[in-house]
Amino acid sequence: MLKDLVKQSRSYRSFDPAVKITQEQLLEFADAARLTPSTTNLQAIKFKLVSDPAQVESLVERTTLAAALRPLVLPPKGHHPAAFIVVCIDTAIAKNPTPFLKDVGIAAQTILLCAAEQGLGGCMVGNFQPEAIREALGLGEEILPSLCICLGKPDETVVLEEMQDGKTAYYRDEAGVHHVPKRSLKEILL
Ligand SMILES: Cc1cc2nc3c(=O)[nH]c(=O)nc-3n(C[C@H](O)[C@H](O)[C@H](O)COP(=O)(O)O)c2cc1C
């Protein structure tokens with residue numbers, strides 16, 4: 001059921017190095033994202049599919065996971081993602097990229113749900129310098145990297161819990177389990 005997939009699709013930041021992701025799998029995810037709603041149907045979103053190990057490493061170096069948990073370094077050494085999809089805005093199509101950030105989010109969640117359906121997972125990463133990603137991947141000047149999605153077979157445990165005392169900060173316990181507080185249904189309804 002879709003709601004089960006939504007629950008399963010957490011932000012994962014540690015991956016089983018034995019599980020690879022093929023370019024064909026990434027193509028399937030991008031093909032689903034291609035069909036999602038689009039501001040004025042301009043379809044200004046472009047996807048860079050990255051499964052080459054050297055390119056994956058260059059993206060790991062240029063993206064920051066869970067800065068709030070420093071000094072913990074994620075992904076842990078030896079548990080790096082198998083692939084990335086970089087969701088970009090083509091500014092040759094969308095002169096003002098700002099409204100299209102919504103499209104980026106829709107595409108990204110679609111990709112992560114497709115991954116979850118295959119027993120994979122990942123994390124949306126907004127903490128990076130677009131120029132550094134553009135340069136590392138040899139993207140054109142008109143391409144604005146807007147969100148990186150790291151992907152792989154998660155090998156860590158993430159649990160959702162109801163938010164207590166107004167604290168939304170995620171945290172890790174002594175066993176390394178990642179806890180994600182969520183506001184209650186009652187609280188989010190206006
Ligand atoms: C637009 C966006 C950008 C994000 N950027 C980062 C990021 O740069 N680094 C990171 O570790 N997590 C990032 N996240 C993941 C959030 O931290 C995560 O969604 C939040 O902690 C809730 O966990 P959950 O996804 O498991 O519900 C981002 C999420 C979104 C929606």
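Pro71 sits in the loop that runs between helix H3 (53-62) and strand S2 (83-90). In this predicted model, that loop is a good place to start, since the backbone does something worth a second look there. The peptide bond leading from Arg70 into Pro71 is cis, and its omega is near 15°. Pro75 belongs to the loop between H3 and S2 as well. The bond from Leu74 to Pro75 is again cis, here with omega near 0°.

Another loop deserves a look for its phi values. Between helix H2 (23-33) and strand S1 (45-50) lies Asn41, which is not a glycine but still has a positive phi of about 55°. Gln43 is also placed in the loop between H2 and S1. For Gln43, too, phi is positive at about 55°, and this residue is not a glycine either.

Now to the ligand. The shell around the ligand is made up of 15 residues, with Arg10, Ser11, Arg13, Ala66 and Lys182 the closest of them. Sorted by class, that shell holds eight nonpolar residues, four polar ones and three charged ones. As for secondary structure, strand S3 (121-125) and strand S7 (178-182) each put at least two residues into the shell. S3 makes the largest contribution, with three residues. The shell is also shared across the domain boundary: domain 1 (2-155) and domain 2 (157-190) each provide at least three of its residues.

Several backbone atoms come up when the polar contacts of the ligand are listed. At Ala66, a backbone N or O atom is 2.6 Å away from an oxygen atom of the ligand. Asn127 places a polar backbone atom 2.9 Å from a ligand oxygen. For Met124, the partner is a nitrogen atom of the ligand, which lies 3.1 Å from a polar backbone atom of that residue. In terms of surface, the ligand taken alone exposes 620 Å², and 67% of that is buried by the protein.

What about pockets? The largest pocket comes out at a volume of about 370 Å³. Its lining counts 14 residues, and those closest to the pocket centre are Lys3, Lys7, Leu160, Lys182 and Arg183. Lys182 has thus turned up in both lists: it is among the closest residues to the ligand, and it is also among the lining residues closest to the centre of the largest pocket. By class, the lining of this pocket breaks down into seven charged, four nonpolar and three polar residues.

Helix H1 (2-8), strand S5 (158-162) and helix H6 (185-188) each contribute at least two residues to the lining of the largest pocket. Both domains take part here too, with at least three lining residues coming from domain 1 (2-155) and at least three from domain 2 (157-190).

Terms used. Residues numbered from 1 in each chain as written. Predicted model: local features only at pLDDT ≥ 70, side-chain atom pairs only at ≥ 80, totals over all residues. Heavy atoms only, no water. Near = heavy atom within 4 Å. Polar contact = N/O pair within 3.5 Å; in protein donor to acceptor, adjacent residues only side chain to side chain. Areas by Shrake-Rupley, 256 points an atom, 1.4 Å probe, with all protein chains shown as cover. Helix = DSSP H or I, 4+ residues; strand = E, 2+ residues; numbered from the N terminus. Nonpolar A, V, L, I, M, F, W, Y, C, P; charged D, E, K, R; others polar. Domains from an automatic or database assignment. 1 Å grid on protein atoms, 1.4 Å probe; cavity = no way out; pocket = protein on both sides within 12 Å on 5 of 7 lines; lining within 4 Å. Points joined across faces, edges and corners; volume = space filled by probe spheres on them.
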